[in-house]
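Please follow the strands of this model from one pairing to the next. The account below starts with a single pair of residues and widens to the sheet.

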Amino acid sequence: MRELQLPLAGVCRCGQIAIRVTRLPLLTSACHCAGCQKMSSSAYSLTSTFPVEGFEVLEGEPVIGGLHGTDVHHYFCGHCMSWMFTRPAGMDWFVNVRPTMFADTGWFRPFIETYTSQMLPFAQTGAMKSYERFPEMTEYEGLMKEYDAWSRSRFTPR
Ligand SMILES: [Zn+2]
Ligand SMILES: [Zn+2]
């Protein structure tokens, strides 16, 4: 794993939507839930959570998709349909970005994995902590502190 270099630049598969991140991630995760399996067409989704003030769409107009009757807003490129980032309604201080959009993915590793209750039997993520569903909302502050210490121990000081 390499050190995370800011800013992080990313694009969708076709390149029409460009994003940039200027803050360090608050948490990284993999989700095994059936919804993420469908949306990612894979065993699990990957998430890097950033403070909203450190995230911007530089080019293009992402469209909302992945609708399933909740207030979670999943943003896609309307052309190539890449699932790029997610903004949970009512929690507008962070944005969950799919790390595979970034040009540099070498720094990414999921710290937690969620919904192992629905995981495919072969699916391994290398996450440090596993949850059968999601952590309790009250656990996230502590998890972000643990992630910060864990990621600093892996990256050289800035
Ligand atoms: Zn695209
Ligand atoms: Zn999920």
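Ile-19 has Val-57 in β5 as its bridge partner. The strands concerned, β2 and β5 (residues 55–59), pair in the antiparallel sense over four bridges. Strands here are DSSP runs (E, at least two residues), numbered from the N terminus, and two strands pair if DSSP finds at least two bridges between them. This is a predicted model, in which local features need pLDDT of at least 70 and side-chain atom pairs count only at pLDDT 80 or more, while totals for chains, interfaces and linings use all residues. Residues are numbered from 1 along each chain as its sequence is written, and chains are lettered from A and ligands numbered from 1 in the order in which they are written.

Side chains alternate along β2 (residues 18–21): Ile-19 and Val-21 point to one face and are buried, whereas Ala-18 and Arg-20 point to the other and are not. A residue is buried if 20 or more other C-beta atoms lie within 10 Å of its own, with C-beta atoms placed from the backbone.

β2 also runs antiparallel to β1 (residues 8–11), joined by four bridges. In this pairing Ala-18 of β2 stands opposite Val-11. Six residues separate β1 and β2 in a hairpin, and Gly-15 in the turn has a positive phi of about 90°.

Elsewhere, eight strands form an open sheet of mixed pairing, in the order β6-β7-β8-β9-β4-β3-β10-β11. At its edges are β6 (63–65) and β11 (129–130), each pairing on one side only. Within the sheet, β3 (residues 27–31) and β4 (residues 45–51) run antiparallel and are joined by five bridges. Ser-29 has Thr-47 in β4 as its bridge partner.

Methods: A residue is buried if 20 or more other C-beta atoms lie within 10 Å of its own, exposed if 12 or fewer, and partly exposed in between; C-beta atoms are placed from the backbone.
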